[in-house]
Amino acid sequence: MSREWPLWEIFIRGQHGMSHRHVGSLHAPDAETAIRNARDVYTRRNEGVSIWVVEASQITASSPSDKGPLYEPSESKVYRHPTFFDIPDEVGHM
Amino acid sequence: MYAQMVKSEATNDDPELLEAFQARIDAGERIEPKDWMPQGYRKTLIRQIGQHAHSEIVGQLPEGNWITRAPTLERKAILLAKVQDEAGHGLYLYCAAETLGVSRDEMTEMLLDGRMKYSSIFNYPTLTWADIGAVGWLVDGAAIMNQVPLQRTSFGPYSRAMIRICKEESFHQRQGYDIMMKMAQGTEAQKRMAQDALNRFWYPSLMMFGPSDAESVHSAQSMKWKIKIDSNDGLRQKFVDQTVPQAKYLGLTIPDENLSWNEEKGGYDFSEPDWTEFFNVLKGNGPCNVERMDARNKAWDDGAWVREGLLAHAEKKKAAKVAAE
């Protein structure tokens with residue numbers, strides 16, 4: 001079998017989007033072609049105004065089984081969610 | 001159904017892991033690519049998603065057959081956009097399958113040498129313009145019936161691909177029905193063409209849901225793993241119940257003498273398709289099997305130098321960029 005075109009992950013920022021969102025992936029020989037194909041496949045119906053392409057091999061992902069140890073520390077730090085302060089009514093909205 | 005007769009694989013894994021996996025499925029959790037999964041689950045999904053992707057690609061051929069002959073510019077533009085959508089659907093699905101550890105080129109080669117299948121429906125020819133209407137209305141209609149529940153299938157990437165696809169698939173069904181309406185309300189000759197298209201595509205569309213539940217030996221495992229959500233017969237019934245009134249509205253007749261409303265079950269009774277024909281088509285003996293595979297093989301072989309050329313050019317550019325830095 002001959003060599004395959006690399007896989008690219010596609011991120012698009014929508015018309016009113018605050019950030020780029022992962023929308024899918026595609027194969028292309030290089031980044032420019034990946035952008036052109038992403039334009040055709042993922043923005044044909046005005047889905048976005050900005051495209052990022054990243055070669056899939058450049059992405060390192062966390063593992064779902066690490067979920068516990070990876071995110072547990074934030075659960076034990078209630079002081080990061082300061083929703084428990086009592087502000088006197090006289091002070092007004094804060 | 002775009003993925004017909006997918007055999008679910010037996011599984012030979014650590015019973016403890018298997019039990020934990022089943023518990024996640026039962027709890028309605030989505031399985032993601034990096035999660036542990038049974039070998040059989042992985043293999044079944046590669047087959048099913050791969051086959052589904054192949055169907056989108058091969059499905060471009062019967063419709064592409066009428067692009068140069070579409071009767072008006074508007075119809076032609078719509079048909080072009082539709083065939084372009086199908087290519088995109090194939091792409092989403094290949095990418096979903098690739099998250100399971102198989103590559104798109106591997107799947108393509110398996111299709112081309114007959115180790116993987118595609119939907120039986122695309123082995124039927126499109127003989128008149130009305131067939132393009134019937135394909136949109138009936139074939140895409142049957143596909144939607146099958147794909148809407150797949151939006152809840154247990155493998156995350158597959159379910160997300162289905163959500164994107166279903167949105168566009170409903171455009172396609174409507175465009176098909178619009179063609180049928182125009183023809184059914186047109187001249188006598190046009191109406192005859194519409195009826196003829198319905199006659200030829202009715203049973204092949206019913207076959208898209210696969211054989212009856214009693215014969216579908218592999219459904220049980222797929223349903224247990226929530227790869228498959230509804231039974232073949234259940235979906236087929238739903239399709240008939242939805243389609244019959246649409247045909248009536250067109251003033252066309254469903255080619256089935258046994259079709260009648262069954263008050264008790266609240267649905268239509270109808271004739272089963274010819275299953276001998278179905279299995280024959282799946283085996284490669286349908287009207288267009290050879291032609292479809294020849295077209296795909298020719299495109300793949302003739303395109304080899306273009307694929308290699310683009311890759312060589314990309315490498316040359318990359319090397320030049322590194323040298324400049």
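A salt bridge is a side-chain nitrogen of Lys or Arg within 4 Å of a carboxyl oxygen of Asp or Glu. With that in mind, please note that the model on display is predicted, and begin the tour with one such pair.

**First stop: a salt bridge between the chains**

Select D30(A) and K317(B). These residues form a salt bridge, their closest N and O atoms being 3.3 Å apart; the separation lies within 4 Å, so the pair meets the rule. Side chains of opposite charge can pair when their charged atoms come close. Over all chains, the structure holds 20 salt bridges. The pair selected here crosses between chains: D30(A) sits in the loop between β2 and α1 of chain A, and K317(B) belongs to helix α13 of chain B.

**Second stop: the interface of chain B and chain A**

Next, colour the two chains separately and display the residues where they meet. On the side of chain B, 26 residues are in contact with 22 residues of chain A. The size of an interface is often given as the accessible area lost when the parts come together. For chain B and chain A the buried area is about 2200 Å², and carbon and sulfur atoms give 51% of it. Select K34(B), R164(B) and L311(B): within chain B, these residues lose the most area to chain A, together 23% of what that side buries.

Six salt bridges are found across this interface. There are also 11 residue pairs in polar contact between the chains, counting pairs with both residues at pLDDT 80 or more. To see which parts of chain B are involved, highlight α4, α5, α7 and α13, each of which supplies at least two residues of the side that touches chain A. By class, that side of chain B has 15 charged, eight nonpolar and three polar residues.

**Third stop: the largest pocket**

Now turn to the largest pocket, with a volume of about 1400 Å³. Select E9(A), H22(A), V23(A), G24(A) and R160(B), which are the closest to its centre among the 39 lining residues. Then show β1 (7-13) and β2 (21-27) of chain A with α4 (73-98) and α7 (156-184) of chain B; these elements give two or more residues each to the lining. Which element gives the most to this lining? It is α7(B), with seven residues. The lining comprises 17 nonpolar, 12 charged and 10 polar residues.

**Fourth stop: the second largest pocket**

The second largest pocket holds about 950 Å³ of space. Of its 36 lining residues, W5(A), I57(B), L91(B), R104(B) and R296(B) are the closest to the centre, and they make a suitable selection. Add α1 (31-42) of chain A, together with α4, α5 (104-112), α12 (289-302) and α13 (304-324) of chain B, since each supplies at least two lining residues. Here the largest share comes from α4(B), with eight residues. The classes in this lining are 14 nonpolar, 13 charged and nine polar.

**Last stop: a cavity in view of chain B**

Two cavities of 30 Å³ or more are counted in the model. For the second largest, select P62(B), I121(B), F122(B), Y124(B), T126(B), V135(B) and F201(B), which line it. The volume of this cavity is about 40 Å³. Its lining divides into six nonpolar residues, one polar residue and no charged residues.

Notes:
Residues numbered from 1 in each chain as written. Chains lettered and ligands numbered in written order. Predicted model: local features only at pLDDT ≥ 70, side-chain atom pairs only at ≥ 80, totals over all residues. Heavy atoms only, no water. 1 Å grid on protein atoms, 1.4 Å probe; cavity = no way out; pocket = protein on both sides within 12 Å on 5 of 7 lines; lining within 4 Å. Points joined across faces, edges and corners; volume = space filled by probe spheres on them. Helix = DSSP H or I, 4+ residues; strand = E, 2+ residues; numbered from the N terminus. Nonpolar A, V, L, I, M, F, W, Y, C, P; charged D, E, K, R; others polar. Contact = heavy atoms within 4.5 Å. Buried area = accessible area lost by both parts, 1.4 Å probe. Polar contact = N/O pair within 3.5 Å; in protein donor to acceptor, adjacent residues only side chain to side chain.
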